[in-house]
Amino acid sequence: MAIALAEQQPDERSPKVALILDAAFELFLARGFDSVSMDLIAKTAGVSKTTLYAHFTSKEALFSKLLINQCGEFSARVHIPDEYTGDLTGTLRGFALDFISVFEEEHGMALYRLIVGEIHRFPQIARAFEAAGPSEMNGRLVHLLRQIVERGELKIDDFDLAAEQFMALLTGRMLLNRALGLPGAPQSETERQVEAAIALFLRGYAIDRRER
């Protein structure tokens, strides 16, 4: 049976809420949703069950909250400058390496597997995950690409599509391999993939000087 996301919003400034979320995240990653009880979460976090339930009315509410939080945190780790100041290749390279690092990190992929495994139970998490992670990141990348186009360095008509294409070029088969638990690529291979993706993207959206 599908379970809706809870509307309860715990006070995230509370140190105890942080302890609860950290403990629950590690437990859910290690054991999965079904094998983790609220008793175990309270014990691991070092808080009473009364405190735990004061902030989260159910395990489902806690699970939903921490997954959405983690998605936002991973997205925030990918640096995209608010203002483009030049160095097109270097700017794209910086984004690309940050973006790939999220998937190379075991915690990031464990979170991805956890979400995929529980989507049937939490159908709204798919939309919340997409909004907090991919859509938010896509929006920031679109903002950057618009500035690059305004400076006359690329020609892009569909910015959303261009942003999605660039991220797809970066992940390639890596996302599937990591989701299956296969080891990450060596750093040299990651860098080679990044440079190839950037080169292909720049060629695809290069300005045709003959149009000028």
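1. Let's start with α5 and α8. In this predicted model, helix α5 (residues 88–104) packs on α8 at an angle of about 55°, and their axes are 10 Å apart. Angles of 65 to 115 degrees would count as roughly perpendicular and those under 35 as roughly parallel, so α5 and α8 are oblique to each other. Their crossing is right-handed.

2. If you click through the side of α5 that touches α8, you will find L92, F95, A96, F99, I100 and F103. Their partners in α8 are F166, M167, L170 and T171. By class, the residues of this contact come to 9 nonpolar and 1 polar, with no charged residue.

3. Helix α8 (residues 159–171) also packs against α7, here at an angle of about 110° with the axes 9 Å apart. That angle makes α7 and α8 roughly perpendicular. The handedness of the α7 and α8 crossing is right-handed.

4. On the α7 side, the contact with α8 uses M137, N138, L141, V142, L145, R146 and V149. From α8 come F159, D160, A162, A163, E164, F166 and M167. Sorted by type, the residues of this contact are 10 nonpolar, 1 polar and 3 charged. Two names are worth a second look: F166 and M167 of α8 appear in the contact with α7, and F166 and M167 are also listed in the contact with α5.

5. Now follow α7 to another partner. Helix α4 (residues 59–76) and helix α7 (residues 123–150) have axes that come within 9 Å and cross at roughly 10°. Since angles under 35 degrees count as roughly parallel, α4 and α7 are roughly parallel to each other. This crossing, too, is right-handed.

6. Which residues of α4 and α7 meet? From α4 they are F63, S64, L67, I68, C71, G72, S75 and A76, and from α7 they are I125, A128, F129, A132, G133, E136, M137 and R140. The residues of this contact divide into 10 nonpolar, 4 polar and 2 charged. M137 of α7 meets α4 and is also listed in the contact with α8.

7. Stepping back to the whole chain, the secondary structure consists of 10 helices and 0 strands. Read from the N terminus, the order of elements is α-α-α-α-α-α-α-α-α-α. The C-alpha trace spans about 70 × 35 × 30 Å along its principal axes.

8. The domain assignment splits the chain into domain 1 (15–57) and domain 2 (76–205). Their C-alpha centres lie 31 Å apart. Where the two domains touch, 6 residues of domain 1 are in contact with 7 residues of domain 2.

9. How much area is buried between domain 1 and domain 2? The value is about 570 Å², and carbon and sulfur atoms give 72% of that area. On the domain 1 side, F25, L29 and F33 are the residues to display: they supply 71% of the area that domain 1 buries against domain 2, more than any other three residues.

Methods: Residues numbered from 1 in each chain as written. Predicted model: local features only at pLDDT ≥ 70, side-chain atom pairs only at ≥ 80, totals over all residues. Heavy atoms only, no water. Axes fitted to C-alpha atoms, helices over the stretch in contact; angles between N-to-C directions. Helix = DSSP H or I, 4+ residues; strand = E, 2+ residues; numbered from the N terminus. Parallel < 35°, antiparallel > 145°, perpendicular 65-115°, else oblique. Left-handed = near helix turned anticlockwise from the far one by under 90°. Contact = heavy atoms within 4.5 Å. Nonpolar A, V, L, I, M, F, W, Y, C, P; charged D, E, K, R; others polar. Domains from an automatic or database assignment. Buried area = accessible area lost by both parts, 1.4 Å probe.
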